[in-house]
Amino acid sequence: MGELDVNSTPEYKKYQSYHLNVDPEQDDKATEIKICHFSRPHMRAFHCSWWSFFIAFFIWFAIAPLLSEIKETLDLSKQQVWTSSIAGVGGTIFMRFVLGPACDKYGPRILFTVILCFASIPTALTGLVSSAAGLAVLRLFIGFAGGTFVMCQYWTSRMFTKDVVGTANALVGGWGNLGGGVTQLVMGSVLFPLFKTGMSAEMAWRTVSVVPAIVAFSTGVAVWFISDDAPKGNYTDLKKHGNMPEVSAAASFRSGALNFNTWFLFVQYACCFGVELTMNNAAALYFREEFGQSTESAAAIASIFGWMNLFARGLGGYMSDKLNEKMGMKGRLLVHTVCLFAEGILVLVFANTPNLAGSIVVLVFFSIFVQAAEGTSYGIVPYVNPPCTGSIAGIVGAGGNTGAVAFGMGFRQLDYKQAFIVMGCTIIASSFLSVFIRIKGHAGLICGQDDLVIGKGTLSVPEPEEIGEEDEA
């Protein structure tokens, strides 16, 4: 397709033409997604977003398939192992709260670079761990990598119109989350056995994490040089040319936090992404301890959960966009509710499946609905309060990690079956919160109707005076 000329506006633009169709009324955001393109700025940001989050997820859980070996070497108890897992997801809660408003102020590109380069350092130092406390602290700092999810979702929200943003957010989020499955397979079933051929099992787990650390640091540096913050350029250039005002991160966060819809989505995201994080920590241990699988075999089975991200989260976002076309916001809320409810039911089925083959089959469908619910969640987020989408994305994202901490505490104290039953019942209860989500200008699940004028709004740079007015209201 030919390039679309957008020279008609006199304001500063880094690019005077684009390789995708764009909507000038929505800040030159793309109205389409072309997966096979790598053109700047839209599709370059799309691919940098999912790849950076993929690598972040990879190093975040690179240690998970090795936990049985680490547990044996350091003589750790089940509680000590789960304490480290809780620390790994708990540290990200703070980072997601911080990175949300930071995206509104600085843009996603520089934040991706900073976090990936920082998190690669403790990843490389995994081999120096010698105690339970050291393992918990190490995983706490590696867990900062999980904060990159905020930039991942914010970036595509800045690049694509509301008509396709659900699909865009779901694809980059899902392909990024795929890192959690790939790391189970690559670290546990490929690199660990490979390293073990030339050294002891202990030396293998102590050295293998250097590989993903190098890849993460390199990715962080590359993103800085090859991508753009927004369709019209980087935030620093837009501010320099007067096209973007300085933004108060605190005001942006305050406005997003005062919207009650943010917190309903916070709880619901805890019950989908929080479940995924918990499974990334628990799955390999579960299949080894409950079904007697080897480290390599358990890691391969556990990776199935993450591999569903290849399509399931994108499918959730796509269904959200399609039902939005037919039913408006009511359609997005409906598919979101169904995915959460089905997810909860399948967790209960998984908890009561006694054989290995049956557990694997249920795991596949359980994972599909977990990922789909994540996709439908971020099909709703950009509508809650568009000028504060960074802050809202951060708060909702932090809900996922909060859920992982809560569920992790359950797995730390209870046996597997009891922990899964508590998890399933909690998820089912959370699905009913959709009834209370009422976004200004949009229909609710049960009543109301969409305002067509507000529905055509766009995610924009937060205007300080607008946020101030909202806070006073």
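1. Start with the loop between β3 (22-23) and β4, where Asp-27 sits; helices (H or I, at least four residues) and strands (E, at least two) here are DSSP runs, numbered from the N terminus. Asp-27 has a positive phi of about 60° although it is not a glycine. At a relative accessible area of 24%, Asp-27 is partly exposed; the scale runs from buried, under 20% relative accessible area, to exposed, over 50%, with partly exposed in between (1.4 Å probe, protein chains only). Keep in mind that this is a predicted model, in which local features need pLDDT of at least 70 and side-chain atom pairs count only at pLDDT 80 or more, while totals for chains, interfaces and linings use all residues. Residues are numbered from 1 along each chain as its sequence is written, and side-chain values use heavy atoms, with hydrogens and water left out.

2. Asp-28 is found in the loop between β3 and β4. Its phi is also positive, near 60°, in a residue other than glycine. Buried or exposed? Asp-28 counts as buried, at 2% relative accessibility. As background for these phi values and for the next point, most residues other than glycine have a negative phi, and most peptide bonds are trans.

3. Next, the cis bond. The peptide bond from Arg-40 to Pro-41 is cis, with omega near 0°. Pro-41 belongs to the loop between β4 (29-30) and α1 (42-60).

4. On to the serines, beginning with Ser-84 in helix α3. Ser-84 counts as buried, at 0% relative accessibility. A polar atom of its side chain lies 2.6 Å from the backbone oxygen of Val-81. For such polar contacts, the rule is a pair of N or O atoms within 3.5 Å; within protein, one must be able to donate a hydrogen and the other to accept it, and residues adjacent in sequence count only if both atoms are side-chain atoms. Leaving aside neighbours within four places in sequence, Ser-84 is in contact (heavy atoms within 4.5 Å) with Leu-135, Ala-136 and Arg-139.

5. Ser-303 is the serine to look at in helix α14 (residues 295-307). Ser-303 is buried, with 3% relative accessible area, and its side chain reaches the backbone oxygen of Ala-300 at 2.6 Å. Which residues does Ser-303 contact, leaving aside its neighbours within four places in sequence? They are Gly-181, Gln-184 and Leu-185.

6. Leu-194 lies in helix α7 (residues 165-196). Leu-194 counts as exposed, at 53% relative accessibility. Its C-alpha atom is 9.3 Å from that of Val-208, and the two residues are 14 apart along the chain.

7. Helix α6 (residues 148-159) passes the length check: at 1.5 Å a residue its 12 residues should span 16 Å, and the end C-alpha atoms are 17 Å apart, which agrees. The expected span is 1.5 Å times one less than the number of residues in the helix. α6 is mostly covered, with 12 of its 12 residues buried. Among them are Phe-149, Tyr-154, Trp-155 and Arg-158.

8. Helix α19 (residues 416-431) has 16 residues and reaches 23 Å from its first C-alpha to its last, close to the 22 Å expected at 1.5 Å a residue. Its buried residues include Tyr-416, Phe-420, Met-423 and Ile-427. Seen down the axis of α19, the buried residues fall within an arc of 165°, so they line one face of the helix; the arc is that of the directions from the helix axis to the C-beta atoms. What covers them includes α12 (260-270), α13 (273-291), α16 (329-351) and α18 (389-413). At the start of α19, a side-chain oxygen of Asp-415 reaches to within 3.2 Å of the backbone nitrogen of Lys-417.

9. Last, the cavities. A cavity is a set of points, on a 1 Å grid over the protein atoms alone, where a 1.4 Å probe fits but cannot get out; lining residues have an atom within 4 Å of a point. Grid points are joined across faces, edges and corners, and a volume is the space filled by probe spheres set on the points. By this rule there are 3 cavities of 30 Å³ or more. About 50 Å³ of space lies in the largest cavity. Its lining is made of Lys-71, Lys-78, Val-81, Trp-82, Leu-285, Glu-289 and Tyr-416. α3 (78-106) and α13 each supply at least two of those residues, and the largest share, 3 residues, comes from α3.

Note on methods
1 Å grid on protein atoms, 1.4 Å probe; cavity = no way out; pocket = protein on both sides within 12 Å on 5 of 7 lines; lining within 4 Å.
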